[in-house]
Amino acid sequence: MAEKKKTQITQQQKIVLGILGAVGLFMLYSKVYAPLGGKIKAAEDELSAKQAKLADMRKKANRLDKLEKEYRDLEDLLKEIEKRLPKDNEVPALIKTITDTAQKYNMEVRTFKESAASEKSLIKSDKFYEPYPYDMEFTADYHTLGAFFTEIARLERIFNIGKMDMVPVKNSEKDVQVKFTLVTYTFKE
């Protein structure tokens, strides 16, 4: 029978193989794994950032219908506000509205003029609106006066009544002479 030859690895060969294995592992780590590890880490960070952005976009997409409805509601509100607070003073329309309302109650408007500059400085302006004061004077009884002011308050446009003086008319039990400031506003752009 043939004898099998046993190859024995000597102690020196084992040491050399161990050193070569260690050098090979070091080379594999430094040349392949370490550069890939940095790229892997960068890719993981990028993936995490994109997943967070995707989650945020999904939240926004879920709110989109609600935001669109809110936007439409705000547009409708803005249109309503523009009716009450026009962009320009529209003096002829304003005079017509006020005089028509006074005539409705058989009141004669004696004075309707823009307030003096000193009066204007007393009325505060705002970042959203600009006030325009007008001095008015007429004679009416108390009930008609109340009905007139109620009608003014119900108009679509915003008005404010200020600085009112009432003086009884001589030879009349119920009529008063009324002087007041009517303030209207326009929207600032």
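## Helix α4: exposed and buried sides

In this predicted model, helix α4 carries His143, Ala153 and Arg154 as exposed residues on one side. Opposite them lie the buried residues of α4, namely Thr144, Leu145, Phe148, Phe149, Glu151 and Ile152. These buried residues share one side of α4 because the arc they cover around the axis is only 155°.

The helix runs over residues 142-154, 13 residues in total. From its first C-alpha to its last, α4 reaches 18 Å, close to the 18 Å expected at 1.5 Å a residue. At the start of α4, the backbone nitrogen of His143 has a side-chain oxygen of Asp141 within 2.9 Å.

## What covers the helix

The cover over the buried residues of α4 includes one helix, α2 (91-104), together with the strands β2 (129-141), β3 (159-168) and β4 (175-187). The pairing of these strands is set out further below.

## Aromatic contacts

The model has five aromatic pairs. One of them is formed by Phe138 and Phe148, whose rings are edge-to-face, at 5.2 Å centre to centre and with 75° between the planes. This pair links distant parts of the chain, since Phe138 belongs to strand β2 and Phe148 to helix α4, ten residues apart. Phe138 counts as buried because its relative accessibility is 0%, under the 20% cut-off. Phe148, at 1% relative accessibility, counts as buried too.

Phe148 also forms an aromatic pair with Phe149, in this case tilted, with 5.7 Å centre to centre and 50° between the planes. Phe149 has a relative accessible area of 16% and is therefore buried, the limit being under 20%. Phe138, Phe148 and Phe149 belong to one aromatic cluster, which Phe180 completes.

## Strand pairing

β2 pairs with two strands, β4 and β1. The strands β2 and β4 run antiparallel and are joined by 13 bridges. Along this pairing, Asp141 stands opposite Asp175 in β4, and Pro131 stands opposite Tyr185 in β4. Asp141 is also the residue whose side-chain oxygen reaches towards the backbone nitrogen of His143 at the start of α4.

Strand β1, made up of residues 108-114, pairs with β2 in the antiparallel sense over six bridges. Here Glu108 stands opposite Thr139 in β2.

## The β3-β4 hairpin

β4 also pairs with β3, again in the antiparallel sense, over eight bridges. Within this pairing, Phe159 stands opposite Thr184 in β4. The two strands β3 and β4 form a hairpin, with six residues between them. In the turn, Asn171 has a positive phi of about 65°.

## Summary

Helix α4 turns its buried residues to one side, and the elements that cover those residues include α2, β2, β3 and β4. Across the contact with β2, Phe148 of α4 meets Phe138 in an edge-to-face pair. Among the strands, β2 is joined to β4 by 13 bridges and to β1 by six, while β3 is paired with β4 over eight.

Note on methods. Residues numbered from 1 in each chain as written. Predicted model: local features only at pLDDT ≥ 70, side-chain atom pairs only at ≥ 80, totals over all residues. Heavy atoms only, no water. Helix = DSSP H or I, 4+ residues; strand = E, 2+ residues; numbered from the N terminus. Expected span 1.5 Å × (residues − 1). Buried < 20%, exposed > 50% of the residue type's maximum accessible area, 1.4 Å probe, protein only. Arc of directions from axis to C-beta. Contact = heavy atoms within 4.5 Å. Polar contact = N/O pair within 3.5 Å; in protein donor to acceptor, adjacent residues only side chain to side chain. Phe/Tyr/Trp six-rings, centres within 6.5 Å; stacked < 30°, edge-to-face > 60°. Pairing = 2+ DSSP bridges.
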